[in-house]
Amino acid sequence: MRNTTDEAAFFLKLLRNSHKTVVLTGAGVSVASGIPDFRSPDGLYSKVSPEVFELDFFLDNPAEYYKIAQERIHTMADRKPNPTHFLLSRLQREGMIGEIITQNIDGLQQRAGAKDVIELHGSVSSFSCMKCHRSYSKDELEKLFEESEVPWCNCSGLIKPDIVFFGETLPIEAINRAERAAIDSELFVAMGSSLVVYPAAQFPVIAKSSGAILAIVNRDSTGLDYMADNIFNVTLEEFSGEILALLDGGT
């Protein structure tokens, strides 16, 4: 059995031996920032019904959605990046990884300094009018909430968070970029994802079928462990800290 330091060293070796590494991140990456994942016993779905993330619910009950979202969902953007976010951003800066495909809507990977982030499910940090498509920042929305429990655009359109609700299609540009990155990858790393939600879970499959090495880094088992070349069952925060220490030590 390798300890965490050995696991970190082996993971770093995989990265250094790859000429094209792509990373997929899931909710587990942001848990150390105080953002619960969705499906664990203490996850977001234990406190908020999945129905809240349905487009029809939002359209039929915008006041109820925003009441819940201001307490449980949009606050994700107020959290701080954790060591895993900073590790991935550093690896990207140093040319050891390329695109970061994320299922997360918190925007923390960008706040940690990452540049090439493909957001599959959108972001809680921005909003758009469903009628005229004008963009709104989180600060602008907060001012609108001072006047009404539902934010309305000047054109009378309903303002919607830029996240992908159930019932909506994922942004085609993000899907195409992620698919191309997966096909071109030599090493594909899935980190902090249960790999049971599609279409995100298809990208490791695409990468593997295109000849890439598949590495899975997650606390628990995933839906794609059976096809992984390397599995790291670790606590992400500790694992990332070990890798950062190795990088700082020049190892």
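In the predicted model, residue H133 is located in the loop that connects β4 with β5 (135–137). The phi angle of H133 is positive, at about 70 degrees, although H133 is not a glycine. With a relative accessible area of 59%, H133 lies above the limit of 50%, so H133 is classed as exposed. A second residue that is not a glycine, S156, has a positive phi of about 85 degrees. S156 belongs to the loop between α6 (138–145) and β6. The relative accessible area of S156 is 46%, which falls between the limits of 20% and 50%, and S156 therefore counts as partly exposed. A further backbone feature concerns the peptide bond from Y198 to P199, which is cis, with omega near 15 degrees. P199 is placed in the loop between β7 and α8.

The arrangement of the strands was examined next. An open sheet is formed by 6 strands, and their order is β3-β2-β1-β7-β8-β9. The pairing in this sheet is parallel. The edges are occupied by β3 (117–119) and β9 (230–233); each has a single partner strand, so one side of each is left without a neighbour in the sheet. On average, and with direction ignored, neighbouring strands of this sheet are turned by 15 degrees against each other.

Strand β1 (21–25) stands between β2 and β7 in the order of the sheet. It is joined to β7 by 5 bridges, and the two strands run parallel. Within this pairing, T25 of β1 has M191 as its bridge partner in β7. On the other side, β1 and β2 are paired in the parallel sense over 3 bridges. Here the bridge partner of V23 is I100 in β2. The side chains of β1 alternate in direction: T21, V23 and T25 point one way, whereas V22 and L24 point the other way. Each of these residues is buried. Since 5 of the 5 residues of β1 are buried, this strand is largely enclosed by the rest of the structure.

Strand β7 (residues 187–191) also pairs with β8 (residues 213–218), in the parallel sense and over 5 bridges. In this pair, F188 stands opposite L214 of β8. L214 is also in contact with N230, a residue of the edge strand β9. Leaving aside neighbours within four places in sequence, the contacts of N230 are F10, L14, I213, L214, A215 and I216. N230 has a relative accessible area of 16%; as this is under 20%, N230 is buried.

Two helices lie across strands of the sheet. Helix α7 (residues 172–184) crosses β1, β2 (100–102), β3 and β7, and runs at about 130 degrees to β3. Helix α8 (residues 202–209) lies across β1, β7 and β8, at about 160 degrees to β7.

Empty space within the model was also analysed. Rolling a probe the size of a water molecule over the atoms shows where empty space is left. The structure holds 1 cavity of 30 Å³ or more. The largest cavity has a volume of about 50 Å³. Its lining consists of T25, V29, S30, H85, T102, N104, D106, G107, L108, Q109, Q110 and E119. Helix α5 (residues 108–111) makes the greatest contribution to this lining, with 3 residues. By class, the lining of the largest cavity comprises 2 nonpolar, 8 polar and 2 charged residues. T25, listed in this lining, is the buried residue of β1 that is bridged to M191.

The second largest pocket has a volume of about 280 Å³. This pocket is lined by 17 residues, of which K160, P161, D162, I163 and V164 lie nearest its centre. The elements that supply two or more residues to the lining are β4 (122–129) and β6 (159–163). Of the elements, β4 gives the most, with 5 residues. The lining of the second largest pocket divides into 6 nonpolar, 7 polar and 4 charged residues.

Definitions and conventions. Residues are numbered from 1 along each chain as its sequence is written. This is a predicted model: local features need pLDDT of at least 70, side-chain atom pairs count only at pLDDT 80 or more; totals for chains, interfaces and linings use all residues. Side-chain values use heavy atoms; hydrogens and water are left out. Two strands pair if DSSP finds at least two bridges between them. Helices (H or I, at least four residues) and strands (E, at least two) are DSSP runs, numbered from the N terminus. Axes are lines fitted to C-alpha atoms, for helices over the stretch in contact, and angles run from 0 to 180 degrees between N-to-C directions. Contact means heavy atoms within 4.5 Å. On a 1 Å grid over the protein atoms alone, a cavity is a set of points where a 1.4 Å probe fits but cannot get out, and a pocket is an open set with protein on both sides within 12 Å along at least five of seven lines; lining residues have an atom within 4 Å of a point. Grid points are joined across faces, edges and corners, and a volume is the space filled by probe spheres set on the points. Ala, Val, Leu, Ile, Met, Phe, Trp, Tyr, Cys and Pro count as nonpolar, Asp, Glu, Lys and Arg as charged, and the others, Gly among them, as polar. Buried means under 20% relative accessible area, exposed over 50%, partly exposed in between (1.4 Å probe, protein chains only).
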